[in-house]
Amino acid sequence: MEEKEALFKYLLRLGDNAAILGHRLSEWCGHGPELEEDIAIINTALDLLGHARSFYTYAGEVEGKGRTEDDLAYLRKEREYSNALITETANGHYGDTIARQFLFDQFNYLLFSELVHSQDETVAGISAKAVKEIRYHLRRSTEWTLRLGDGTEESHDKIQQSFNELWSFTADMFDQDESDEVIIAAGIGPDLNSIYTVWREKVKAVLTEAT
């Protein structure tokens, strides 16, 4: 696989992750558990949609076929999306949403912390801006995980079940294919295997504290 094709696929995956999760979170608009949280979760959705726009725009430039960010976001068939499956899981109750967000935020933060060093200047530039927002997303989802996990008996049981059900989706975030091999070799993106161990350690530490 040529580097141009691999980069296009890689950019779509980054854009798809952000776009799909951003749309899922937007479904909470007007339905958050409290006004401040309603605003916070929609701001997270807007951040993610901003990341998606940047990656889709660059993907269109790399592809060179005149497709815009809107074309790539909305005019592909469902099987052409390459987002991690966890990003499209149902919102469920608020514990489900927080568990999903925490697991993905931890992955996303580690990934973008590496992407800021990408040999591709555009990827590095987008990531340098995005990682500041993702750091906030992670802090917020971590705080809510601790609040619900170590809160009442009901909140503990609910978010425990949420993590039980979502855990099977986590391995998919680290799947790699031929395009990843090209991206890694070109110094554009990191080997996700190197992130996985750190991700597990950080997730385990928070879940342990959250009981």
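**Helix H4, its cavity and its neighbours**

In this predicted model, the top contributor to the lining of the largest cavity is helix H4, which puts in four residues. H4 isn't alone there: H1, helix H2 (35-63) and H4 each hand over at least two lining residues. The full set around the largest cavity is Leu 14, Asn 17, Ala 18, Leu 48, His 51, Phe 55, Phe 104, Asn 108, Leu 111 and Phe 112. Sorted by class, that lining comes out as seven nonpolar and three polar residues, with no charged ones. The space inside the largest cavity is about 60 Å³. As for how many cavities of 30 Å³ or more turn up, a search of the whole structure finds one.

H4 also packs against another helix. Two packed helices are described by the angle between their axes and the distance between the axes. For helix H4 (residues 94-115) and helix H6 (residues 153-166), the axes come within 8 Å and cross at roughly 50 degrees. H4 is therefore oblique to H6, since angles of 65 to 115 degrees are what count as roughly perpendicular and those under 35 as roughly parallel. The crossing of H4 past H6 is right-handed. On the H4 side, the residues making the contact are Gly 95, Asp 96, Ile 98, Ala 99, Arg 100, Phe 102 and Leu 103, and they meet Ile 159, Ser 162, Phe 163 and Leu 166 of H6. Taken by class, the contact of H4 with H6 has seven nonpolar residues, two polar and two charged.

Then there's the open space. The largest pocket holds about 280 Å³. A total of 19 residues line the largest pocket, and those nearest its centre are Arg 13, Ser 82, Met 173, Asp 175 and Asp 180. H4 shows up here too: helix H1 (3-26), H4 and helix H7 (178-185) are the elements that give two or more residues to this lining. In this case the largest share belongs to H1, which supplies five residues. The pocket lining divides into eight nonpolar, five polar and six charged residues, whereas the cavity lining has no charged residues.

Put together, H4 turns up in each of these settings. H4 gives the most to the lining of the largest cavity, crosses H6 in a right-handed sense, and is among the elements that supply two or more residues to the lining of the largest pocket. H1 is a partner in both linings, giving at least two residues to the cavity and five to the pocket.

How values were computed:
Residues numbered from 1 in each chain as written. Predicted model: local features only at pLDDT ≥ 70, side-chain atom pairs only at ≥ 80, totals over all residues. Heavy atoms only, no water. Axes fitted to C-alpha atoms, helices over the stretch in contact; angles between N-to-C directions. Parallel < 35°, antiparallel > 145°, perpendicular 65-115°, else oblique. Left-handed = near helix turned anticlockwise from the far one by under 90°. Contact = heavy atoms within 4.5 Å. Nonpolar A, V, L, I, M, F, W, Y, C, P; charged D, E, K, R; others polar. 1 Å grid on protein atoms, 1.4 Å probe; cavity = no way out; pocket = protein on both sides within 12 Å on 5 of 7 lines; lining within 4 Å. Points joined across faces, edges and corners; volume = space filled by probe spheres on them.
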